[in-house]
Amino acid sequence: MGRLFGTDGVRGVVGDTLTPELALRLARAIGAYFGKGSRILVGRDVRAGGAMLEGAVIAGLMVEGVKVYKAGLLPTPALQYNVKTMGFDGGVMITASHNPPQYNGIKVIASDGIEIPREDERVIEEYYFKSVASKVSWRDVAYDPQLRSDAIENYVKAIVDMVDAEKIRSKGLRAVVDCANSVGSLATPQVLRRLGVKALTLNCDLNPEFPGREPEPTVDSLRVAAGLVSLVGADFGVGHDGDADRAIVITDSGEVIWGDRSGTLLTEFAAGIWRELPRRTYTGVSSSLLVEQYLKPRGIEVVWTPVGSVVISRMIQRGGGAISGFEENGGYMHVPHQIVRDGAMKTALIAYMLALTGKKLSEMVAALPRYYPIKTKIPMSREEAECAVKAVEKHYNAYRQVRIDGVKVMGDDFWVLVRPSGTEPVLRIMLEAKSPEKAESLLAQVKSVIEEVCLGRR
Ligand code: MG
């Protein structure tokens, strides 16, 4: 059977690999999965083709007898929060998150607000390829979908209520927000305004061509935002991705810090506020070893997970809860709010942490163990990549290893992750060491092990 869903929903280039015909047929399969009479909330980000795909999705759901509610433009976590709290049976979000502007996509949300599990994606794929279609009567499709224009307000209010707004207001914080020209614009500046944080907005006008920067928040794409933080003397900055479920944080000194760093600090902070939560956090194996080195001595257990936010959400749920879940790419889940990545919630927590501790963000980052990262990839076949994982396992067998997604080797002052990519024929290598020179020589060593064992016959 063919596959539609990738690691984060169905994605394609608008009008090319992602057509209204595909969206319609997929929506019928999604409608069949939720069942006749179910109530589904549909939303989208600013991307090209959003309105076209929304039309097709709504038609497909309706013809399967689903009762459709339209949330319109909103961040993915805003849709998820409304699905969870407003009694919907599920949601459909039209977004391609951080992909380049020509992409769009469709993802399916369960009634608990979390993306549906992999097994359920298989069910929808099966319906899709068998072209399962039910028959509805004219009465079932007689009425327009109901507009839910309160969705963003519900979401913004929930975030503001989650923190001590008075305390934050009393500090007169200043921030820079880079909304990536998409739906983050509709929530994060609003949240900050209500918390009394003076926000300078950048790329917060909605524009499907993403003229300000690419939709992925990186050190490079956030260069202007980082410069602004320093220029105006802001306390912090954040940069969202295209659907604002992620936030990459910038310190007061203009340093862009990856999500494993900000996630570590927020987890320590949240553990002190939400004391009833199990002292545990979940993070992908692509996160730095510093997460464990910093949090473990503070009595917080770190559970390594395979890469991918849906896996983290479901592991938190099945594992009996946690303080948080986070990813190095800027995804942060504040469990008391919702067990999914949430860019505006993360932003509010940063403000809360600064207000309550009275520390500078740059000072807090400086207190984390210092590591020098290298991220690279080597083109190779799936078989070669699997061989590489085995070879690295064997070569470093004297060290602690996590083998849930490739292999992660952990020494006292270095770590290396080697994993086959889920989307392209490459081997991904991520590593960190205590100096740039040590990181380089570690990479050379790992590469020579792989070349010797797996690429010798090339
Ligand atoms: Mg995203």
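Accessible area, as used here, comes from the Shrake-Rupley method with a 1.4 Å probe. By that yardstick, the protein in this predicted model exposes about 18,200 Å², and carbon and sulfur atoms supply 51% of that area. Turning from the outside to the inside, buried residues account for 57% of the 458 residues.

The overall build comes next. The chain is arranged into 15 helices and 20 strands. Its C-alpha atoms fill a box of roughly 70 × 65 × 45 Å along the principal axes. For 458 residues, a compact globule would be expected to have a radius of gyration near 23 Å, and the protein, at 22 Å, agrees with that. Contacts reach across the sequence too: of those between residues at least 6 apart, 72% join residues at least 24 apart.

Then there is the metal site. A magnesium ion has four protein donors listed, namely Ser97 through OG and Asp241, Asp243 and Asp245 through OD, at 2.0 to 2.2 Å from the ion. Written along the chain, the spacing of these donors reads S-x143-D-x1-D-x1-D. Ser97 sits in the loop between strand 4 (90–94) and strand 5 (103–110), while Asp243 sits in the loop between strand 9 (236–240) and strand 10 (247–250), so this pair ties together parts of the chain that are 146 residues apart in sequence. Both Ser97 and Asp243 are buried.

The loop between strand 8 (198–202) and helix 8 holds a couple of backbone oddities. Asn203 lies in this loop and has a phi near 55°, a positive value in a residue other than glycine. Its relative accessible area is 17%, and because buried means under 20%, Asn203 counts as buried. Phe210 belongs to the loop between strand 8 and helix 8 as well. Here phi is near 45°, again positive in a residue that is not glycine, and Phe210 is buried with a relative accessible area of 5%.

Helix 8 itself, covering residues 223–232, includes Leu231. With 69% relative accessibility, Leu231 counts as exposed, since the cut-off for that label is over 50%. Leu231 joins Leu200 and Val232 in a nonpolar patch on the surface, and together the three have about 260 Å² of accessible area.

Two more loop residues round things off. Ser287 is in the loop between strand 12 (280–284) and helix 10 (290–295). At 0% relative accessibility, Ser287 counts as buried. Setting aside neighbours within four places in sequence, Ser287 is in contact with Asp260, Trp304, Phe326, Glu327, Glu328, Lys408 and Trp415.

Tyr399, in turn, is found in the loop between helix 14 (382–395) and strand 17 (400–402). Its relative accessible area is 39%, so Tyr399 counts as partly exposed. Beyond the residues up to four places away in sequence, Tyr399 touches Val409, Met410, Gly411 and Phe414. Of these partners, Met410 is 11 residues from Tyr399 in sequence, with the two C-alpha atoms 6.2 Å apart in space.

Definitions and conventions. Residues are numbered from 1 along each chain as its sequence is written. This is a predicted model: local features need pLDDT of at least 70, side-chain atom pairs count only at pLDDT 80 or more; totals for chains, interfaces and linings use all residues. Side-chain values use heavy atoms; hydrogens and water are left out. Patches are made of residues with over 30% relative accessible area and no salt bridge: like charges are joined within 9 Å, nonpolar side chains (Val, Leu, Ile, Met, Phe, Trp, Tyr) within 5 Å. A salt bridge is a side-chain nitrogen of Lys or Arg within 4 Å of a carboxyl oxygen of Asp or Glu. Helices (H or I, at least four residues) and strands (E, at least two) are DSSP runs, numbered from the N terminus. Buried means under 20% relative accessible area, exposed over 50%, partly exposed in between (1.4 Å probe, protein chains only). Donors are N, O and S atoms within 2.8 Å of the metal (3.2 Å for Na, K and Ca); water is not among the atoms, so sites may look incomplete. The radius of gyration is taken over C-alpha atoms; the globule rule is 2.2 Å times the number of residues to the power 0.38. Contact means heavy atoms within 4.5 Å.
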